[in-house]
Amino acid sequence: EATTRRLYIDLYLREAGWEVLEQENVAIAEKAGIEIKVDGMPNDKGIGFCDYVLYGRDGRPLAIVEAKKTSVSPEKGRHQVDLYGECMEKIYGYKPVLYYTNGYVTKVIDGLYPDREVMAFHTIDELELMIQRRNRNDIEDLKINDNITNRPYQKMAITNLCEWLNKKHRRGLIVMATGTGKTRVAISLVDVLSRNNWVKNVLFLADRTSLVHQAKSNFAKLMPNMSVCELSGNGDKDLNARLMFCTYQTMIHYIDAEDKRFSSGRFDLIIIDEAHRSIYNKYRDIFNYFDAPLVGLTATPKDEIDKNTYEIFELESGVPTYGYELAQAVTDGYLVDFLSVETKLKFIEQGIVYADLSEEDKAKGAIACSAGNHAQNHNQYHQQCSQFLSVHIISPCFMSLWKVYFIQIKRTSRVGGYF
């Protein structure tokens, strides 16, 4: 355990801005004390020693960390750290935030939500806020600004999600047909949550800069009293802005950097646009790094084995937090159904016969063959044919030329090229 503390825990605490003291059983404000003695433990001596205690600005404990060696599960330390917390509660009147870890896996008990895994420790400001939020009320003020969202289904989406969050869920998914106003729902949600003192700092993520820029413009227009910053854009960046807008690609660089600009608890809410795309594999690390509630927006969620949108948001497959499908939107008169037009193509049904081609198209094919015969090597021929096909790709003789192209490549492959 001592090795785990020295190699891993000390480092992670320093990354979160904590100075780890070297002398044991010393309590100093804004520092991380080690081997802190606590009284009232249910053992023969009635005492115990916390591996770490993180102290606030007033010298009172904000968090306790129980470390186990890397070869055992961190769950081995859960009961022990909970006992330490109960001892502290008898003295200070509240239970600090509790961490239990083996250096590889760290879990937190914040007194508000069930135990959850985190990738980093929280800063002093974040821990103070976590303890304060234990006394917050449920989301009760559900008044929705009609200037942002005035359609019944939009209001229902916001209401359903707020009720879901009130039940101690940290992730939700809104599935709404394209064109029904998902971004406006997101803006209204932030408005409601901020008015109920549930969120202050919000991160909006998308996979394209155009979507990020569009969202930032809409938020800035409809919520003019909140500061905004587009991390993926040009110009100066206000890293203290309340509303952050960013692509996955840009944010992954921020959290992978040696000098991290954002702590794990920097945001109170993360909104993911087009949540069926780009949220898997490496970009999933963004949601694992930030310890914040997650709300996804999409029209087409995936439920594949290796790409399951519902799994990301801790939901049963096919059951979003709120859904408003295309068919319902058409029935309600908010969208117009698509029109299917069937047609037949001579190319598909009858193919192309060289003898039926015009003299002009036959001449084009002859040019392509001639280019291959005079090419000095395969790469030159490849370039000439590619240029020809890029110009004449819609020509009726395209398939015939394509066959000639591959035949000629095979003939010239002896010079060492490949395709």
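**Buried salt bridges and the surroundings of E230**

In this predicted model, D291 and R170 are both buried. The two residues form a salt bridge in which the closest N and O atoms are 3.0 Å apart, and this pair links distant parts of the chain, since D291 lies in the loop between helix 8 (284-289) and strand 13 (294-298) whereas R170 lies in the loop between helix 4 (152-166) and strand 8 (171-176), 121 residues apart. A salt bridge is also found between R116 and D110, with 2.9 Å between the closest N and O atoms, and both of these residues are likewise buried. Through shared partners, salt bridges join D110, R116, R170 and D291 into one network. In total, the structure holds 16 salt bridges.

Another of these pairs involves K216 and E230, whose closest N and O atoms are 3.5 Å apart. K216 is located in helix 6 (residues 209-222) and E230 in strand 10, so the salt bridge ties together parts of the chain that are 14 residues apart in sequence. Strand 10 itself comprises residues 228-230. E230 has a relative accessible area of 13% and is therefore classed as buried, the cut-off being under 20%.

Leaving aside residues up to four places away in sequence, E230 touches T209, V212, H213, K216, K237 and F245. With H213, the contact includes a polar contact of 3.1 Å between the two side chains. F245, which is 15 residues from E230 in sequence, has its C-alpha 4.7 Å from the C-alpha of E230.

Note on methods:
Residues are numbered from 1 along each chain as its sequence is written. This is a predicted model: local features need pLDDT of at least 70, side-chain atom pairs count only at pLDDT 80 or more; totals for chains, interfaces and linings use all residues. Side-chain values use heavy atoms; hydrogens and water are left out. Helices (H or I, at least four residues) and strands (E, at least two) are DSSP runs, numbered from the N terminus. Buried means under 20% relative accessible area, exposed over 50%, partly exposed in between (1.4 Å probe, protein chains only). Contact means heavy atoms within 4.5 Å. A polar contact is a pair of N or O atoms within 3.5 Å; within protein, one must be able to donate a hydrogen and the other to accept it, and residues adjacent in sequence count only if both atoms are side-chain atoms. A salt bridge is a side-chain nitrogen of Lys or Arg within 4 Å of a carboxyl oxygen of Asp or Glu.
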